[in-house]
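Let's take a friendly walk through this structure, one piece at a time. Have your viewer ready, and follow along as the residues come up.

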Amino acid sequence: MSPGDPAGSTDLVLDGAIAHVTFNRPAARNAMTWAMYEQLAAACAAIAANPAIRVAVLRGAGGKAFVAGTDIEQFQHFNSGEDGIAYEKRVDEFVGALESLPIPTLAVIEGWAVGGGMALANACDLRLATPGSRFGVPIGRTLGNCLSAANLRRLCLKLGQAWVCRMLLAAEMPEAETLPSGYVEIVPPDALEERITTLAGHIAGLAPLTLQATKEALRRLGNDAQAADADLVRQVYGSEDFREGVAAFVAKRTPRWSGS
C-alpha cells in the first residue's frame with residue numbers, strides 16, 4: 001500500500017508455519033475499508049487452505065492502533081435501516097471467517113481496538129497488548145448504531161455479559177490492564193517482538209489436530225451447550241499424530257507432528 005492510498009490494505013505474509021496478517025492503514029489508525037475487509041477474508045481463505053500454516057498473528061500497522069473500527073465515511077451512504085442490516089450481516093461474515101480459522105490466532109494490540117477492531121481482536125483466540133491499550137465499542141456516544149446479536153454473543157463468550165454490558169451501556173473504553181483475567185496478556189513494548197515470536201513459535205510446534213479440534217469444539221459450545229463432538233474426537237484419536245504422540249511420550253522423545 002502506498003502511504004496515500006485511502007483504501008488501505010490487509011497484508012498476508014508467510015514465515016514458515018506462521019502467517020502474519022497486517023491491517024495497513026496507519027494514517028487512519030487502520031480503520032477498515034471494504035477493501036481491507038475483503039482482503040482479510042481472502043487471507044483467511046488462503047490460511048485455511050494451507051496445511052503448513054500452524055498459527056496466525058494479526059496486527060495493526062504503525063504501532064498506534066490494532067483497528068479503529070470501520071471507516072466512518074462508509075456509513076454516510078446509508079439511507080435506511082436495511083442498510084444497517086446488510087452492513088451487520090457483511091461484517092458478521094468477515095469476523096466469522098477469522099473466528100472459524102482451524103488454527104490458533106493471536107491478536108497483537110498496540111493502542112486502540114475499537115468497534116470493528118474490538119470485534120476482530122475478540123474473534124482471535126489469544127491477545128497480547130501493550131500497557132494502556134484500550135478496548136471497547138463506544139457507539140452509545142459516537143455513531144449511535146448497534147452491534148449484531150452474533151457479535152454480542154462473541155463478546156459475551158469471551159468477556160462475560162457483565163463486562164459487555166458495562167462497556168456498551170456506559171460507552172467505556174477500558175484499558176487492557178482492567179479487563180478480566182486471561183482475556184489479554186500485557187507485554188511491555190520493548191519485549192513485544194520477542195513475546196510474539198516465542199508464543200507463535202511455541203503454538204506452531206504443538207499438535208495441530210488437537211488444537212483444531214479444541215477450537216472447533218469451543219466454537220460449537222458457544223452455539224450449543226449440548227454440541228456434538230464425536231466427529232472431532234474420532235478425527236483426533238484416529239490420527240497418525242495421536243499415535244506419534246503416544247509413541248514419543250513412551251520413548252521420552254519430542255513428537256514429530258504431521259497434521260495427519
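How do the axes of helix H2 and H3 cross, and within what distance do they come? In this predicted model, the axes of H2 (residues 81–99) and H3 come within 8 Å and cross at roughly 25°. Since angles under 35 degrees count as roughly parallel, the two helices are therefore roughly parallel to each other. The crossing of H2 past H3 is right-handed. On the H2 side, Val95, Leu98 and Glu99 make the contact, and they meet Ala119, Leu120 and Ala123 of H3. Sorted by class, the residues of this contact are five nonpolar, no polar and one charged.

Stay with H3 for a moment. This helix spans residues 116–123 and is mostly covered, with eight of its eight residues buried. Among them are Gly116, Met118 and Asn122, and Leu120, from the contact with H2, is buried too.

Leu120 also leads us to the interior. The largest nonpolar core has 45 residues, and Leu120 is one of those with the most contacts inside it, along with Phe23, Leu58, Phe66 and Phe135. In soluble globular proteins, nonpolar side chains tend to be buried together. Try selecting Leu58: leaving aside residues up to four places away in sequence, Leu58 touches Val21, Phe23, Leu40, Phe66, Leu98, Thr105, Leu106, Ala107, Val108 and Cys124. Apart from the largest core lies another core, of 13 residues, including Val57, Leu106, Leu192 and Ile203.

Next, turn to the helix pair H4 and H5. H4 covers residues 149–159 and H5 covers residues 161–169; they pack at an angle of about 125°, with their axes 7 Å apart. That angle makes H4 oblique to H5. Leu152, Leu155, Cys156 and Leu159 are the H4 residues here, and they meet Gln161, Trp163, Val164, Met167 and Leu168 in H5. By class, this contact has eight nonpolar, one polar and no charged residues.

Following the chain onward from H5, we come to Val184, in the loop between H5 and strand S9 (185–186). Is Val184 buried or exposed? Its relative accessible area is 13%, so Val184 is buried. Not counting residues up to four places away in sequence, Val184 touches Arg127, Leu128, Ala129, Phe135, Ala176 and Leu179. Phe135 is a name we have met before, among the residues with the most contacts inside the largest core. For a sense of scale, Val184 and Ala248 are 64 residues apart in sequence and 33 Å apart in space, C-alpha to C-alpha.

Methods: Residues are numbered from 1 along each chain as its sequence is written. This is a predicted model: local features need pLDDT of at least 70, side-chain atom pairs count only at pLDDT 80 or more; totals for chains, interfaces and linings use all residues. Side-chain values use heavy atoms; hydrogens and water are left out. Axes are lines fitted to C-alpha atoms, for helices over the stretch in contact, and angles run from 0 to 180 degrees between N-to-C directions. Helices (H or I, at least four residues) and strands (E, at least two) are DSSP runs, numbered from the N terminus. Angles under 35 degrees count as roughly parallel, over 145 as roughly antiparallel, 65 to 115 as roughly perpendicular and the rest as oblique. Contact means heavy atoms within 4.5 Å. Ala, Val, Leu, Ile, Met, Phe, Trp, Tyr, Cys and Pro count as nonpolar, Asp, Glu, Lys and Arg as charged, and the others, Gly among them, as polar. Buried means under 20% relative accessible area, exposed over 50%, partly exposed in between (1.4 Å probe, protein chains only). A nonpolar core is a set of buried Ala, Val, Leu, Ile, Met, Phe, Trp, Tyr and Cys residues joined through side-chain atoms within 4.5 Å. A crossing is left-handed if the near helix is turned anticlockwise from the far one by less than a right angle, and right-handed if clockwise.
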